[in-house]
Amino acid sequence: VEEFGPQRVVDTPITEAGFTGLAIGAAMAGLQPIVELMTMNFGIVALDQIVNNAAKIRYMSGGQLSVPIVIRGPGSAAHQLGAQHSQSLEAWFCHVPGLKVVAPSTPRDAKGLLKSAIRDQNPVIFIEAQLLYGTKGEVTEGEYTIPLGQAEVKREGEHCTLISHGKTVLIALQVAEALEQEGIRVEVVDLRTIRPMDVET
């Protein structure tokens, strides 16, 4: 708030349906808001706003209105946060027409995909695996984006392919490393964007 002011950084009460609805209205009015959920599980409280408004307004307005909004937050399992804070809701969001769903696995991907999500004219659900928050990795300096809907082959292989996203990409890479000791070369594909899914890759 000190750096950017209260017009750009809005600290709200913990009322997910309220501040998500406010951000959807701001997006319709020409802004590009980023909604930060304390945990993606709290997106359930705002599901009506996300599913029936953010995802549908462009279609229902015949393309006259768009909702360039990013709804981001930590998701999936974590350490001792309780069952209601440890769900993987990607499949729910992926089944909603009008939403894009992103789940990065590395710091570099998180930066490049988030920049693309912010610039997209559609609502984007940006799920950050909670167990990745302590991950360190190279991040390209300067300006760069990673296109939404473009998977990446994180490891070449020829015997089988593991396809994953988010935290499980690192597990898949560990498995591939172990199997290589047995002469099995496993390809690892990181979806990065779950919807739209890069089926070609």
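This report describes strand pairing and burial in a predicted model.

## Strand β7 and its burial

Strand β7 spans residues 186-190, and five of its five residues are buried, so the strand is largely enclosed by the rest of the structure. The side chains alternate in direction: V186, V188 and D190 point one way from β7, while E187 and V189 point the other way. Residues in both groups are buried, that is, under 20% relative accessible area.

## Partners of β7

Strand β7 is joined to two other strands. With β5 (residues 152-155) the arrangement is antiparallel and involves three bridges; here R155 stands opposite V188 of β7.

With β6 (residues 160-164) the arrangement is parallel and involves five bridges. In this pairing, S164 stands opposite D190 of β7. Between β6 and β7 the chain passes through helix α6 (residues 167-180), and the resulting β-α-β crossover is right-handed.

## The five-stranded sheet

An open sheet is formed by five strands in the order β1-β2-β4-β3-β8, with mixed pairing. The edges are occupied by β1 (34-36) and β8 (193-195); each has a single partner strand, so one side of each is left without a neighbour in the sheet. On average, and with direction ignored, neighbouring strands of this sheet are turned by 25 degrees against each other.

Within the sheet order, β2 is followed by β4. Strand β2 (residues 70-75) and strand β4 (residues 124-129) run parallel and are joined by six bridges. One residue of this pairing is G73, whose bridge partner in β4 is I127.

Note on methods. Residues numbered from 1 in each chain as written. Predicted model: local features only at pLDDT ≥ 70, side-chain atom pairs only at ≥ 80, totals over all residues. Heavy atoms only, no water. Buried < 20%, exposed > 50% of the residue type's maximum accessible area, 1.4 Å probe, protein only. Helix = DSSP H or I, 4+ residues; strand = E, 2+ residues; numbered from the N terminus. Pairing = 2+ DSSP bridges. Right-handed = clockwise from strand over helix to strand, strands pointing away. Axes fitted to C-alpha atoms, helices over the stretch in contact; angles between N-to-C directions.
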